[in-house]
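The following paragraphs guide a new reader through a single protein chain. Please keep the sequence and the model in view while reading.

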Amino acid sequence: MEDERVFSDICGGRLALQRRHYSPSCREFCLSCPRLSLRSLTAVTCSVWLAAYALFTLFENSVILSAAIFITLLGLLGYLHFVKIDQETLLIIDSLGIQLTSSYASGKESTTFIEMGKVKDIIINEAIYMDPLEPHGISQVVPVFQNAKPRLDCLIEVYRSCQEILAHRKATSTSP
């Protein structure tokens, strides 16, 4: 079973949450971020090239124009490959663990797997605070959806669904 809902991020941008319900013990959440804006890409490229052209007219050196084109292309490729994340996925399987996947705009994927034996609980830590907090009794916290930055309503939906799977795991592990 699959459904999709639209939420917004902390800046008001549009996020699409796809939920795939494979079984009572397995669910997947895909949070799709907005694509790269052609308007912002064009604005940055034009600004760099106009600045390079101004320097070219001042110094009359064509290396400046070549360097501007080269730097713009390298910057764009670096941004697409290392920074711009198009989709973040959380797959939770009660008998195996939790898999976190980030899909970059260039096609690169980064995956982290956490064994279910190492998962104590799933919590929402969405707050505004001024002083650094030190969680007591937590050895490691793995934040999800770091790039998309969804609002609390989206996080609550994911949280409740994950808690259902953890409750199902506890119920099946305690039954004879």
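L73 is a residue of helix α2, and the model in which it appears is a predicted one. Together with V44, V48, W49 and I69, L73 makes a nonpolar surface patch of about 440 Å². Which helices each supply at least two residues of this patch? They are α1 and α2, the latter covering residues 63-83. The largest share, three residues, comes from α1. A general property of helices is useful when looking at such a surface: an α-helix has 3.6 residues a turn, so residues three or four places apart point the same way.

Helix α1 itself deserves a closer look, beginning with its length. The helix comprises 22 residues, 38-59, and at 1.5 Å a residue it should span 32 Å. The C-alpha atoms at its ends are 31 Å apart, in agreement with that expectation. At the start of α1, a side-chain oxygen of S37 comes to within 3.3 Å of the backbone nitrogen of R39. Just after the helix, E60 adopts a positive phi of about 55 degrees.

The strands may be considered next. Six of them form an open sheet in the order β1-β2-β3-β4-β5-β6, and their pairing is antiparallel. The edges are occupied by β1 (2-8) and β6 (109-115); each has a single partner strand, so one side of each is left without a neighbour in the sheet. From one strand to the next, the twist averages 15 degrees.

At one of these edges, β1 pairs with strand β2, residues 14-23, in the antiparallel sense over seven bridges. A residue pair to locate here is F7, which stands opposite L15 in β2.

Charged side chains provide further links. How many salt bridges does the structure hold? There are eight. One of them joins R20 to E2, with the closest N and O atoms 3.4 Å apart. Because R20 lies in strand β2 and E2 in strand β1, this pair ties together parts that are 18 residues apart in sequence. Another salt bridge is formed by R19 and E157, whose closest N and O atoms are 3.2 Å apart. This pair links distant parts of the chain, with R19 in strand β2 and E157 in helix α3 (residues 152-174), 138 residues apart.

Strand β2 is thus a useful place to end: it pairs with β1 over seven bridges, and its residue R19 forms a salt bridge with E157 of helix α3.

How values were computed
Residues numbered from 1 in each chain as written. Predicted model: local features only at pLDDT ≥ 70, side-chain atom pairs only at ≥ 80, totals over all residues. Heavy atoms only, no water. Helix = DSSP H or I, 4+ residues; strand = E, 2+ residues; numbered from the N terminus. Expected span 1.5 Å × (residues − 1). Polar contact = N/O pair within 3.5 Å; in protein donor to acceptor, adjacent residues only side chain to side chain. Patch = residues over 30% accessible without salt bridge, like charges linked within 9 Å, V, L, I, M, F, W, Y side chains within 5 Å. Areas by Shrake-Rupley, 256 points an atom, 1.4 Å probe, with all protein chains shown as cover. Salt bridge = Lys/Arg side-chain N within 4 Å of Asp/Glu carboxyl O. Pairing = 2+ DSSP bridges. Axes fitted to C-alpha atoms, helices over the stretch in contact; angles between N-to-C directions.
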